[in-house]
Amino acid sequence: MDEYKGKSLSWRAANGVIELALHRPPANEIGLAMLEDFERFITVLPALEAKASALILYSEQKAGFSAGADLRELHLQAQKMDTASAVKGVREFLNRIHKVLNRLDASPLTTIAAVHGVCFGGGFELALTCDLIVADKMARFCFPELRLGLIPGFGGIPRLKRDIGNAVVRDLLLTGRSINATKALAAGLASQLAAEGEALRVARATAAQVAKFDRTTAAAAKQFIKPLPAEELRREIDIFCDLFARPAVMEGLRKFVEDASAHPYLP
């Protein structure tokens, strides 16, 4: 299936490049609908990989790449259950999203995230699965989970630790502050900085460069320099679920859902 349009994302494969577009309004929040579309994509990915050299992941939403997990959906589901059942449901969701993101992370293709606007929480974790991040100069990266009494749960901590220095990792995780594209480039989080509105164009040019080289060699190099931190990823799920069971988290989610301000997108 070289083309597909789902509720939350679409893909198109042509000329050796797969383009995976996020298009769930308002800001590509990652909930069950997007997870199901991602799972559908993963089932066809092996066939697509056989004909491609690169994968580009980008957003069609003006607000940015992704504002992260769908916390309103999470809160609504949790309200319907007792604590033990809610934690079980969260663990099942995390296991499914980890399976998808780990598959993207380990793809033999060279994967490129073209990021503009907000790239927060789970959206940031999605971008971190990619080999390269091309950042629009207006992009911002943030892990706001501590504001809810949580840690990133989609694999963000192990992937960030794998990619950049501990000082930046700790700053992002422990302060909840965002960083701009220029700082992301300086820290080694982004590989290229693009002019406003140009991230996808630059990502496409990068994919064209990637296509010039032998795919077997590129895949072997990627496997060597980008190992999957499997044990840390499993531990992250356990820690997230332990924290999620606390009443303070439920209260934090309630306040988030009831707050009508712009804070989900602008920290």
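By contact I mean heavy atoms within 4.5 Å. I should also note at the start that this is a predicted model.

**Entry 1: H1 and H3**

I began with helix H1 (residues 32-49) and looked up what helix H3 (residues 83-105) offers it. From H1, the residues in contact are Leu-32, Leu-35, Glu-36, Phe-38, Glu-39, Phe-41, Ile-42, Leu-45, Pro-46 and Glu-49. On the H3 side they meet Phe-93, Arg-96, Ile-97, Val-100, Arg-103 and Leu-104. I sorted the residues of this contact by kind and got eleven nonpolar, no polar and five charged. Then I checked the geometry: the helices pack at an angle of about 35°, and their axes are 10 Å apart. The crossing of H1 with H3 is left-handed.

**Entry 2: the strands at the start of the chain**

Next I turned to strands E1 (residues 3-5) and E2 (residues 9-14), which run antiparallel and are joined by three bridges. Which residue of E2 is the bridge partner of Tyr-4? I found Trp-11 there. The hairpin from E1 to E2 goes through three residues.

E2 is also joined to strand E3 (residues 17-22), again antiparallel, by six bridges. In this pairing, Arg-12 has Glu-19 of E3 as its bridge partner. The hairpin of E2 and E3 has two residues between the strands, and I noted that Asn-15 takes a positive phi near 55° there.

A reminder to myself while looking at strands: in a regular strand the side chains alternate between the two faces of the sheet.

**Entry 3: aromatic rings**

How many aromatic pairs does a search of the whole structure find? My search gave six. I picked Phe-124 and Phe-141, whose ring centres are 5.4 Å apart; their planes stand at 55°, so I logged the pair as tilted. Phe-124 belongs to helix H4 (residues 121-127) and Phe-141 to strand E9 (residues 140-142), so this pair ties together parts that are 17 residues apart in sequence.

Are these two rings' residues buried or exposed? Phe-124 counts as buried because its relative accessibility is 0%. Phe-141 is buried too, with a relative accessible area of 0%.

I then met some familiar names: ring pairs link Tyr-4, Trp-11 and Phe-41 into a cluster. Tyr-4 and Trp-11 are the bridge partners from my second entry, and Phe-41 is one of the H1 residues that meet H3.

**Entry 4: Ser-53**

I followed the chain past H1 to Ser-53, which lies in the loop between H1 and strand E4 (54-59). Ser-53 has a relative accessible area of 6%, and the cut-off is under 20%, so I entered it as buried. What does Ser-53 touch, leaving out residues up to four places away in sequence? I listed Gly-16, Leu-109, Thr-110, Val-210, Ala-211 and Arg-215.

**Entry 5: H5 and its neighbours**

Last, I looked at helix H5 (residues 156-163). Its buried residues are Gly-156, Ile-157, Pro-158, Arg-159 and Leu-160. They pack against H3, H4, helix H6 (166-175) and H10.

I looked more closely at H10 (residues 230-244), which packs with H5 at an angle of about 145°, with the axes 8 Å apart. Here Gly-156, Ile-157, Pro-158, Arg-159 and Lys-161 of H5 meet Glu-232, Leu-233 and Glu-236 of H10. Sorted by kind, the residues of this contact come to three nonpolar, one polar and four charged.

Conventions. Residues numbered from 1 in each chain as written. Predicted model: local features only at pLDDT ≥ 70, side-chain atom pairs only at ≥ 80, totals over all residues. Heavy atoms only, no water. Axes fitted to C-alpha atoms, helices over the stretch in contact; angles between N-to-C directions. Helix = DSSP H or I, 4+ residues; strand = E, 2+ residues; numbered from the N terminus. Nonpolar A, V, L, I, M, F, W, Y, C, P; charged D, E, K, R; others polar. Left-handed = near helix turned anticlockwise from the far one by under 90°. Pairing = 2+ DSSP bridges. Phe/Tyr/Trp six-rings, centres within 6.5 Å; stacked < 30°, edge-to-face > 60°. Buried < 20%, exposed > 50% of the residue type's maximum accessible area, 1.4 Å probe, protein only.
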